[in-house]
Amino acid sequence: MTPKSALAALLLAPSFTYAATVLSSPPELNNKAYVLMDYETGQILAAKNENEKLAPASMTKMMTSFIIEQKLLKGELTEGEQVRMNESAWCRGSSAESCMYVPLNGTATVLEMLRGIIVQSGNDASIAMAEHIAGNEGTFVHIMNEEAKRIGMTNTQFINATGMPAEGHYSTAKDMAILAEHIIHDSSKYYPIYSEKEFTFNGIKQGNRNALLYTDPSVDGLKTGHTNEAGYCLTTSAKRGPMRLISVIFGAPNMNQRAAQTRELLAWGFANFETKSVQRANQVLATSKVWYGKENTVKIGLAENFSVTMPKGKANDIKTQLVVQPKLTAPLKKGQVVGKYVATLDGKVIAEKPLVALEAIEEAGFFARMIDHIKQFFANLF
């Protein structure tokens, strides 16, 4: 687990409404749900029905591709490894689904399959990779759901690797934004594939269905989705200057609207917000008393840099506070969470990061521990 994902699992940034401090209100969009998230901080800048469980359609394939990417990075797959197209995965050219069009009993490399999933949204490639990795799609789906839990997708359940309609197959706008954040951060080597506009395989050239890739140079991913049940969906990331935003749209009425709504949401976010570095990692922010340890105090700081996203012009209004757990006791491991670092704006918490021990503290010997027990006993009397 990366430091970013580990910290995200330990402590999620609290929700915060910016309406009182932003010059313009978030856009009103005709869809089922949406989220606008800052990539660097994970803060939700605007949302509607962000935790409503909805059909994600082919945005499901973001988890399929993420698992493939992680296995490539771990050496459990190789880019040139051949993957067979079995009849259970083979696409017969139906207009009801997207296909990469690998021939029946033919093969493609893992990297070609990955492109087929991301760029062409190939159901055949998704199922073929699921079978190649796990033996069958059902077992692969178990891997998908375990990975979703690991990265903090708390309202997601996958039934298949493609996003085809299935009872009990759902996700949320917030969960899809979390998944996009992990793809960008944890799979950075393969993230450029999400911005590729077309891919040709078996003599068939297909274009990426994300219309914003063709019209907005700041957009570099991620994935479209559409079924009759789900409507038109789109998870997008755009980077302008130092700031990257992630938007997720569920259930827009048509293809043009999902692109237009995403464009409007991103424009609003970049116009109204900025990200400020609050505190760098691995700096001593405080020392705290430790009981029963070979050392009496421990140095406390952050395991990673802490940045906060806020309305433009509000950087000087950010206030911070250290909240340390009372009565720390040895042994303490280096990196162990011992509190939190809180940022507030206008009296409301907008972001938090775990405070950690910057050094290990070993447990003291028996007699030293007894002395601390006695000290605590008398301290509690008064």
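How many of the 13 residues of α2 are buried? In this predicted model, 12 of the 13 are buried, so helix α2 is largely enclosed by the rest of the structure.

**Helix α2**

Let's start with the geometry. Helix α2 covers residues 61–73, and at 1.5 Å a residue it should span 18 Å; its end C-alpha atoms are indeed 18 Å apart, which agrees. The buried residues include Lys61, Glu69, Gln70 and Lys71, along with Met62, Met63, Phe66, Ile67, Ile68 and Leu72. Thr64 and Ser65 are buried too. What covers them includes the helices α3 (110–118), α4 (123–134), α5 (137–150) and α6 (173–186), and also the strands β7 (219–227) and β8 (231–240). Just after α2, glycine 75 takes a positive phi of about 85°.

**Serine 171**

Now to a loop residue: serine 171 is found between α5 and α6, two of the helices listed among those covering α2. Serine 171 is buried, with a relative accessible area of 0%. Leaving aside neighbours within four places in sequence, serine 171 is in contact with Glu52, Lys53, Leu54 and Pro56, among others. Its contacts also include Met153, Asn155, Thr156, Met176 and Phe250.

Two distances from serine 171 are handy to have side by side:

| Partner | What is given | Distance |
|---|---|---|
| threonine 156 | polar contact, side chain to side chain | 2.7 Å |
| alanine 57 | C-alpha to C-alpha separation | 9.5 Å |

Along the chain, serine 171 and alanine 57 are 114 residues apart. Threonine 156 appears in the contact list of serine 171 as well, and the polar contact joins the two side chains.

Terms used. Residues are numbered from 1 along each chain as its sequence is written. This is a predicted model: local features need pLDDT of at least 70, side-chain atom pairs count only at pLDDT 80 or more; totals for chains, interfaces and linings use all residues. Side-chain values use heavy atoms; hydrogens and water are left out. Helices (H or I, at least four residues) and strands (E, at least two) are DSSP runs, numbered from the N terminus. The expected span of a helix is 1.5 Å times one less than its number of residues. Buried means under 20% relative accessible area, exposed over 50%, partly exposed in between (1.4 Å probe, protein chains only). Contact means heavy atoms within 4.5 Å. A polar contact is a pair of N or O atoms within 3.5 Å; within protein, one must be able to donate a hydrogen and the other to accept it, and residues adjacent in sequence count only if both atoms are side-chain atoms.
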